[in-house]
Structure formats: C-alpha cells, structure tokens
Amino acid sequence: MNNSKLVFIGGGNMATSLVGGLCAAGVPASNITVVDPQAEQRARLAAEFPINTAAEASSELLAAADVVTLAVKPQILQSVCRGLAAQLADCETKPLVLSVAAGIRAGSIKRWLGGDVAIVRAMPNTPALIQAGATALVADAACKAEQKSLAEEIMRTAGLCVWVKDEADIDAVTAISGSGPAYFFLFIEALEAAGEKLGLEARTSRLLALQTAFGAARMALESDEDPAELRRKVTSPGGTTEQAILSFENNQLRALVEAATQAAATRSLELANQLGNDALPNGDTGEAS
Ligand SMILES: NC(=O)c1ccc[n+]([C@@H]2O[C@H](COP(=O)([O-])OP(=O)(O)OC[C@H]3O[C@@H](n4cnc5c(N)ncnc54)[C@H](OP(=O)(O)O)[C@@H]3O)[C@@H](O)[C@H]2O)c1
C-alpha cells in the first residue's frame with residue numbers, strides 16, 4: 001500500500017480518520033490527496049497531515065490514483081459521482097472506487113460513475129473515527145484480488161474488517177455493527193440510571209458502567225471462549241448475576257434485540273432503495289438532455 005496513490009473525495013470526519021490511520025501506518029503523506037470544495041476543510045487537513053489537497057478532482061488526479069475513496073454524505077453521493085464520471089471516462093487505467101457511504105449500493109455508484117469501474121463498498125461504524133471501528137466490505141465482480149487487499153488495508157487503519165460475499169448482507173451488517181454503537185450507548189445509559197436508582201452518584205455509576213462495557217468487550221475479544229461461556233463462568237448458581245440474567249431472560253431481552261435489529265435491517269433496505277433512486281433530490285436525473 002505504501003506505493004499506492006490514494007485519493008479521497010470528501011475531507012470530513014471519516015476521511016480524516018482514514019488519512020490519520022494511513023499516515024500512522026507509514027503511508028507517505030505525499031501519496032494521499034483529499035478533494036474537498038471547502039477551503040477551511042482542506043486547510044485543517046493539510047495542517048494536520050502533510051498531504052495534498054485539491055478543490056476538485058481532475059482527470060489527471062484520478063488517472064494517477066490506485067484507489068479513489070468516496071467519503072461524502074450519502075445524500076450528495078449521486079451528484080458527486082455524476083460529476084466524477086467524465087473525468088473517470090478519460091482514465092486509461094481506472095482506479096478502484098472504495099465507497100464508505102452508508103446505504104448506497106455498489107450498483108448505484110457504478111451506474112452514476114458511468115459503469116466500467118471496480119467497486120468495493122465498505123460499511124464502517126462511528127468508532128472508526130477513533131480507529132476502533134468494525135467495517136464490513138463487499139467487492140463487485142470487477143474487483144481484482146490486489147484491489148480487494150488494498151481496500152482492506154485502507155479500512156483496517158480504522159479498525160476491524162470483515163468481508164461479506166453478498167451485498168444483501170450489508171443490511172444485516174448495518175443492523176448489527178453500523179447501528180450497534182447506539183445500542184451499547186443505550187445499554188450504558190440504562191445501567192448508569194439503574195446505578196443511580198440503587199443509590200450511586202451519577203458520575204460513579206457512569207464510570208462503572210463504561211469501564212464494565214469496555215472490560216467485557218475486551219475480555220470477550222481476547223478470549224478463546226465464546227461470550228455465552230464467559231457469561232456462564234461469571235454466573236454462579238444462587239449468586240447475584242444469576243438473578244439479573246434471569247430477569248433479562250424472563251423479560252425477553254433476546255426477542256427485543258431480534259426485533260430491534262430486524263427493524264434496522266428493514267430500514268436499511270428501504271433507505272438503499274430511496275438513495276439509489278436515479279432522481280436527484282431536485283427531480284433532475286443528472287443526465288445531460
Ligand atoms: N462519521 C461516521 O461515523 C460514519 C460511519 C459510517 C459511515 N460513514 C459514511 O462516511 C461518509 C462521510 O461521512 P462523514 O461523517 O465523514 O461526513 P462529513 O464529515 O460531512 O464529510 C464529508 C465532506 O465532504 C465534503 N463535500 C461536500 N461536497 C463535496 C464534493 N462535491 N466533493 C468533495 N467533497 C465534498 C463536505 O463538505 P461540506 O461540509 O461543505 O458539505 C465534508 O467536508 C458518509 O457517506 C457516511 O455515510 C460515516
């Protein structure tokens with residue numbers, strides 16, 4: 001990856017995190033270019049990392065790139081891609097396109113870019129901003145093995161990466177890891193509030209809830225045993241944990257989690273259908289008449 005030329009379209013939160021991870025991993029900053037129309041955004045990035053920045057993507061920039069990462073908001077991705085299509089058409093060797101945009105299928109992106117381009121779609125989550133993300137990746141049929149490796153190396157700088165074979169699985173990924181940080185925040189909130197009800201000071205209760213979530217996740221990640229076994233090991237017969245676990249089970253925690261993730265997956269599918277629609281928000285199709 002160190003010799004690869006990497007271009008980012010959009011220089012916001014996700015691009016900043018990936019650029020930071022890449023620089024920390026030893027990728028020469030001179031091989032990285034971030035394209036963002038906002039001068040302040042470019043200045044902020046250039047002050048933080050000695051990378052190249054540009055207000056727009058030229059054909060020369062895209063032609064020299066190995067990977068072009070699309071890191072703009074999903075709502076504007078269609079118009080951004082349609083804007084890049086002409087420059088890409090001029091490229092003799094086309095770069096791999098890596099999209100981190102939530103909810104937009106590779107097929108839509110490919111169509112907006114004019115087709116004839118290899119695409120890896122990534123679904124990261126918010127902890128990617130602190131290099132602790134969980135990202136699922138899916139490659140379209142046009143991707144070569146070395147392009148898949150390159151995409152994975154880029155996304156690995158933001159945390160764990162897994163590949164899924166079928167893009168339809170991305171709706172499930174969205175429901176588990178994409179939206180997942182919010183589920184854990186909710187559980188931490190609830191645990192903190194419960195601690196207060198039991199008489200703890202708010203700050204004490206929050207710290208205990210946070211460190212317990214962190215410690216449990218780290219222990220489960222580092223252990224060879226599965227989470228169910230780890231749970232059994234800390235649930236002594238007749239003890240306190242057993243009472244709490246019994247209460248969770250009797251109150252259908254598992255069914256609640258199943259219903260919540262099903263609702264998220266269904267919404268992910270609906271949003272992909274909406275966002276992948278070729279009509280731009282103003283009703284324009286984006287095609288020259
Ligand atoms: N942040 C997360 O935790 C997270 C998690 C999973 C997936 N993602 C995905 O990552 C993508 C980027 O999210 P983000 O949080 O990094 O968004 P962001 O902070 O808003 O960054 C997007 C950047 O793109 C710029 N931009 C707008 N139009 C552009 C254009 N035509 N060409 C180039 N750049 C343009 C924006 O400028 P303006 O501000 O002026 O519009 C902004 O600086 C999204 O698609 C999102 O779904 C993010």
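## Exercises: a ligand and its pocket

By class, 14 nonpolar, eight polar and two charged residues make up the shell around the ligand. The model is predicted.

**Exercise 1.** Find which residues come nearest to the ligand, and which elements contribute to the shell around the ligand.

*Solution.* Step one: the ligand has 24 residues around it, and those that come nearest are Met 14, Asp 36, Gln 38, Gln 41 and Val 72. Step two: two or more residues of the shell come from each of the elements α1 (13-24) and α4 (74-89). Step three: α4 gives the most, with three residues.

**Exercise 2.** List polar contacts of the ligand with Gly 10, Val 72 and Thr 126, using a cut-off of 3.5 Å between N or O atoms.

*Solution.* Start with the backbone. An N or O atom of the Gly 10 backbone lies 3.4 Å from a ligand nitrogen. For Val 72, a backbone N or O atom is 2.5 Å from a ligand oxygen. Then take the side chain of Thr 126, where an N or O atom is 3.2 Å from an oxygen atom of the ligand. As for area, the ligand taken alone exposes 890 Å², and the protein buries 77% of that.

**Exercise 3.** Describe the pocket in which the ligand sits.

*Solution.* The ligand sits in the second largest pocket, whose volume is about 990 Å³. Among the 41 residues that line this pocket, Ala 71, Val 72, Lys 73, Pro 74 and Ala 101 are the closest to its centre. Sorted by class, the lining has 21 nonpolar, 15 polar and five charged residues. Finally, α4 gives the most to this lining, with seven residues.

Key:
Residues numbered from 1 in each chain as written. Predicted model: local features only at pLDDT ≥ 70, side-chain atom pairs only at ≥ 80, totals over all residues. Heavy atoms only, no water. Near = heavy atom within 4 Å. Polar contact = N/O pair within 3.5 Å; in protein donor to acceptor, adjacent residues only side chain to side chain. Areas by Shrake-Rupley, 256 points an atom, 1.4 Å probe, with all protein chains shown as cover. 1 Å grid on protein atoms, 1.4 Å probe; cavity = no way out; pocket = protein on both sides within 12 Å on 5 of 7 lines; lining within 4 Å. Sits in = over half its atoms within 2 Å of the grid points. Helix = DSSP H or I, 4+ residues; strand = E, 2+ residues; numbered from the N terminus. Nonpolar A, V, L, I, M, F, W, Y, C, P; charged D, E, K, R; others polar. Points joined across faces, edges and corners; volume = space filled by probe spheres on them.
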